[in-house]
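Subject: Structure handover

Dear colleague,

I am passing on the structure below, and after it you will find a short account of what came out of the analysis. Please read the account with the structure open beside it.

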Amino acid sequence: MLLWRDEERGNYGPGISRPREGDVTKLFTLQVIQGGNRPMKVTLPARNKTEAVRFARNRWPGAQVEVAA
C-alpha cells in the first residue's frame with residue numbers, strides 16, 4: 001500500500017526548493033500543514049523568509065505554509 005499521492009509532486013531543484021550553491025543563507029523554521037495531517041515543522045536554509053516559504057510551497061504543493069514563531 002502506498003502512503004503518498006503521486007498526483008501532487010513537488011518541484012525540486014536549486015533555486016526552486018533549495019538555495020543555489022554559493023548563496024548566503026540563514027535557517028528558517030516553517031510550519032507546513034497538509035490536508036488532514038498534523039502540522040510539521042521544517043527548517044530550511046534560504047536567503048530570506050519569502051524565499052523559505054516559496055521553497056516549502058514548491059516541496060509540498062497545496063500545503064499551508066507559515067513562518068514559525
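**Strands, helix and core**

Strands E1 and E2 run antiparallel and are joined by seven bridges, where strands (E, at least two residues) and helices (H or I, at least four residues) are DSSP runs numbered from the N terminus, and two strands pair if DSSP finds at least two bridges between them. This is a predicted model, in which local features need pLDDT of at least 70 and side-chain atom pairs count only at pLDDT 80 or more, while totals for chains, interfaces and linings use all residues. Residues are numbered from 1 along each chain as its sequence is written, and side-chain values use heavy atoms, with hydrogens and water left out.

Within the pairing of E1 and E2, glutamine 31 has lysine 41 in E2 as its bridge partner. The two strands form a hairpin with six residues between them, and in the turn glycine 35 has a positive phi of about 45°. E1 is also joined to E3, by four bridges, and these two strands run antiparallel; here valine 32 has valine 65 in E3 as its bridge partner.

Helix H1 spans residues 49–59, and its buried residues are Glu51, Ala52, Val53, Phe55, Ala56 and Asn58, buried meaning under 20% relative accessible area, exposed over 50% and partly exposed in between, with a 1.4 Å probe and protein chains only. These buried residues pack against E1 (26–33), E2 (40–46) and E3 (64–67).

The largest nonpolar core (a set of buried Ala, Val, Leu, Ile, Met, Phe, Trp, Tyr and Cys residues joined through side-chain atoms within 4.5 Å) has 13 residues, and those with the most contacts inside it include Leu30, Val42, Ala56 and Trp60. E1, E2 and H1 are the elements that give two or more residues to this core, and H1 gives the most, with four residues. Leaving aside neighbours within four places in sequence, tryptophan 60 is in contact (heavy atoms within 4.5 Å) with Val32, Gln34, Met40 and Val42.

Finally, asparagine 48 is found in the loop between E2 and H1, and it caps the N-terminal end of H1, with a side-chain oxygen 3.3 Å from the backbone nitrogen of threonine 50. Asparagine 48 is partly exposed, with a relative accessible area of 37%. The C-alpha atoms of asparagine 48 and valine 24 are separated by 9.9 Å, although these residues are 24 apart along the chain.

With best regards

Methods
A polar contact is a pair of N or O atoms within 3.5 Å; within protein, one must be able to donate a hydrogen and the other to accept it, and residues adjacent in sequence count only if both atoms are side-chain atoms.
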